[in-house]
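This report describes how one protein chain is packed, paired and bridged. The sequence and the model are shown first, and the description follows.

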Amino acid sequence: MNLDFLSTSIPDTAVSVAGLTEYIQLLLEENEILRHIWVIGEVSSANNHRVGLFFTLQDPGGGASIKCVTWKSQVPKLMQMPNQGEQVIILGSIRLYPSRGEYQLQVWQVLPAGEGLQALQYKQLKSRLESEGLFAEERKRNIPLHPHTIAVVTSPTAAAWGDIQRTLRGRYPGLYVLFSPAVVQGEEAPNSIVKAIQRVEKDGRAEVLILSRGGGAVEELACFNDERVVRAVASCKIPVITGIGHQRDESLADLAADICVHTPTAAAERVIPALTDLYNQHLNRIDGLFDTVRFLLGDAEDRLQDLRNRLQRVGLNKQLSQEVQKLAWKRQRLLQATAGKLQQSRQHVEMLRQKLVTLDPKAVLLRGYAVVRKENGEIVRSQSQLSIGEELSVLLGEGNVKVKVIE
């Protein structure tokens, strides 16, 4: 009976083990999902071999597990080493080994799961934004010392809004406060906060903006680590002061803000001085001014008295009289020297005048001499220069005559 069943049930299309394994390998390794798949689980064992890192990934309850391998060349590129007992997220592809009839996950990347992944994402975003200069100290602005209008971005139902209002009213009654409501928790929060900041910028009246929220769990404050919120704070046209969470909390929005404090109340205290403080400062300045004036007057009186004493010791009147006598004597010497120089100059001029008179050709002619010139103006100095019949011009002491040579 059994023999008859076997002879009729075994088809001619039966495949070999190798063929079946090859078919399964093709199904696994060519599947688009299994070629690039993320898997989350707990590392139950790990063995660092010379060819690579071998470990097992299982569900926390131990209901399923899969063997994993990261070859030696890929190990340095892992974001985190898979250590036993840790939950990780793995990126890999399924590989089947025909000789053993087993499949395993060939790992390309390992990331921390849960809070570890959030911390890694936070670190990566912080590093990227920091490299862009969004947290640089040189880009941070000072808030106005005495702003008239302040904008607040927070939830209208949050305790932070009430704390800020009470603090501002107590410190500076009559201050104008613009409220721009926003969702500060959950998936809608980042977009809501960005829009609230943009409303304040568009309004244009506020001189400083407070971005605030009370304390909470890490996931409740996650919106303040959102890149959209951080960029909105960094690019805001007016100075931004953040008061988010408690002392232990620090968000990327805090790093991008111009000033960061750790509570909503502290933000309100930081943004505006208290009137009582201003009044006390005013009184202190008045006291300081009086002290300065008294000091300057006392110092001036001391210096004036010192000058009086010095003048008395020097005998200024006697010294002035001596100086006047010296000046009069020098003036007399100057006048005498000037008169002597003038007389010498006059005598010299008279001597030169007499010399000129002596050398004047007309004076010689007046003594009976004459100057004989040819028609061309040449002066005749010898009879050899003349010829019979030549006309000459004779210049006398008084007048001029023409003559002709006859001998």
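A residue counts as buried under 20% relative accessible area, as exposed over 50%, and as partly exposed in between. R141, at 27% relative accessibility, is therefore classed as partly exposed. The structure under discussion is a predicted model, and every value below is computed from it.

## Nonpolar cores

In soluble globular proteins, nonpolar side chains tend to be buried together. The largest nonpolar core in this model has 35 residues, of which F135, V153, I193, I197, L209, F224 and V233 touch the most other members. At least two residues of this core come from each of α3 (115-131), β6 (149-154), α5 (189-203), β8 (208-213), α6 (227-235), β9 (240-244) and α7 (252-256). The greatest contribution is that of α5, which gives six residues. A second core, separate from this one, consists of 16 residues, among them I143, I150, I164 and I241.

I197 illustrates the contacts of one well-connected member of the largest core. Leaving aside residues up to four places away in sequence, I197 touches V153, L209, A232, V233 and C236.

## Strand β6 and its neighbours

How many of the six residues of β6 are buried? Six of the six are, and the strand is accordingly described as mostly covered. The covering applies to both faces: T149, A151 and V153 are buried on one side, and I150, V152 and T154 are buried on the other. Two of these residues can be placed in the cores already described: V153 belongs to the largest nonpolar core, whereas I150 belongs to the second, separate core.

Strands of a sheet pair through backbone hydrogen bonds, either parallel or antiparallel. With strand β7 (residues 176-181), β6 pairs in the parallel sense over six bridges, and T149 stands opposite Y176 of β7. Between these two strands the chain passes through helix α4 (residues 159-171), and the resulting β-α-β crossover is right-handed. The pairing of β6 with β8 is also in the parallel sense and comprises four bridges. Here V153 stands opposite L211 in β8.

## The β11-β12-β13 sheet

An open sheet of three strands, in the order β11-β12-β13, is paired in the antiparallel sense. β11 (371-373) and β13 (400-404) are its edge strands; each has a single partner strand, so one side of each lacks a neighbour in the sheet. On average, neighbouring strands of this sheet are turned by 30° against each other, direction ignored. β11 and strand β12 (residues 391-395) run antiparallel and are joined by three bridges. V372 stands opposite V394 in β12.

## The surroundings of T56

T56 lies in strand β2 (residues 52-58). Is T56 buried or exposed? Its relative accessible area is 18%, so T56 counts as buried. Its contacts, not counting residues up to four places away in sequence, are E42, V43, S44, S45, S65, I66 and K67. The C-alpha atoms of T56 and Q104 are 9.3 Å apart, with a separation of 48 residues in sequence.

## Salt bridges

The model contains 13 salt bridges. Three of the pairs are listed here with their N to O distances.

| Pair | Distance, N to O |
|---|---|
| R141 and D258 | 3.0 Å |
| R205 and D203 | 2.7 Å |
| D291 and R294 | 2.4 Å |

R141 is located in the loop between α3 and β6, and D258 in the loop between α7 and β10 (259-261); the pair therefore ties together parts that are 117 residues apart in sequence. While R141 is partly exposed, D258 has a relative accessible area of 9% and is buried.

In the second pair, R205 is partly exposed at 44% relative accessibility, and D203 is partly exposed with a relative accessible area of 36%.

The third pair lies within helix α9 (residues 275-314), where D291 and R294 are three residues apart and so are separated by about one helical turn. D291 has a relative accessible area of 44% and is partly exposed, whereas R294, at 52% relative accessibility, counts as exposed. Elsewhere, R128, E132, E227 and R231 are joined into one network by salt bridges that share partners.

Notes:
Residues numbered from 1 in each chain as written. Predicted model: local features only at pLDDT ≥ 70, side-chain atom pairs only at ≥ 80, totals over all residues. Heavy atoms only, no water. Core = buried A, V, L, I, M, F, W, Y, C linked by side-chain atoms within 4.5 Å. Buried < 20%, exposed > 50% of the residue type's maximum accessible area, 1.4 Å probe, protein only. Contact = heavy atoms within 4.5 Å. Pairing = 2+ DSSP bridges. Right-handed = clockwise from strand over helix to strand, strands pointing away. Axes fitted to C-alpha atoms, helices over the stretch in contact; angles between N-to-C directions. Salt bridge = Lys/Arg side-chain N within 4 Å of Asp/Glu carboxyl O.
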